[in-house]
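Trainee: I'd like to get to know one part of this model properly. Please pick a single spot, take a close look at it and tell me how it fits in with its surroundings.

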Amino acid sequence: MPNDGERVVAKAALRSRMRQRLTESSSDERDSRSKQICERIVRSPEWQKAKRIALFVPLRSEPDINGLNEETRSAQKLTTTIAPTIRVEIELQFGTDKIDLIVVPGLAFSRDGHRLSRAGGFFESIPIEPHDIVMDTVVTEEIT
């Protein structure tokens, strides 16, 4: 079992590899993947039943989910956006109301829902730390 230091080093190495993969992607590839991800999200049961949704503001290397804003308006869903550095905004805009769905980016995901921050794909395992939160559902351009 890896110790805390080994997990931190392993996460940093995985992050570095995933960032490299992102920089090798063309803008057309990123646009195509973003569109596929948005389509899968809108078709998901979680999206369909959600009334209140929090969407992240994507960085340039993350999937562009801005199209989901129009989807939330046309479906009359209550929406807030989460700035990349200000996650507390959810509480401020929604108060103590329950949020039905939060869409967040990730660099990599394990098949059991663990997340490495900043858009990518699935891996068999990701080094886990006590503060990590398991995702209920993961949507990529290929796998949901």
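Mentor: Let's begin with the vocabulary: helices (H or I, at least four residues) and strands (E, at least two) are DSSP runs, numbered from the N terminus. The model is a predicted one, where local features need pLDDT of at least 70 and side-chain atom pairs count only at pLDDT 80 or more, while totals for chains, interfaces and linings use all residues. Residues are numbered from 1 along each chain as its sequence is written, and side-chain values use heavy atoms, with hydrogens and water left out.

My choice is T72, which sits in helix α4, residues 67-74. Is T72 buried or exposed? With a relative accessibility of 3%, T72 counts as buried, given that buried means under 20% relative accessible area, exposed over 50% and partly exposed in between (1.4 Å probe, protein chains only).

Now look at what T72 meets. A polar atom of its side chain lies 2.6 Å from the backbone oxygen of N69. That is a polar contact, meaning a pair of N or O atoms within 3.5 Å; within protein, one must be able to donate a hydrogen and the other to accept it, and residues adjacent in sequence count only if both atoms are side-chain atoms. Leaving aside residues up to four places away in sequence, T72 touches W47, I53, L55, K77 and T79; here contact means heavy atoms within 4.5 Å.

Some of these neighbours lead us to the sheet. It is an open sheet of three strands in the order β2-β1-β3, with parallel pairing; two strands pair if DSSP finds at least two bridges between them. β2 (78-82) and β3 (101-103) are the edge strands, each pairing on one side only. On average, neighbouring strands are turned by 15° against each other, direction ignored.

Strand β1, residues 52-56, is joined to β3 by three bridges in the parallel sense. L55, one of the residues that T72 touches, stands opposite V103 in β3. Helix α4 itself packs on the sheet, touching β1 and β2, and its direction makes about 165° with that of β1. For these angles, axes are lines fitted to C-alpha atoms, for helices over the stretch in contact, and angles run from 0 to 180 degrees between N-to-C directions.

To put your spot together: T72 is a buried residue of a helix that packs on the sheet, and its side chain has a polar atom 2.6 Å from the backbone oxygen of N69.
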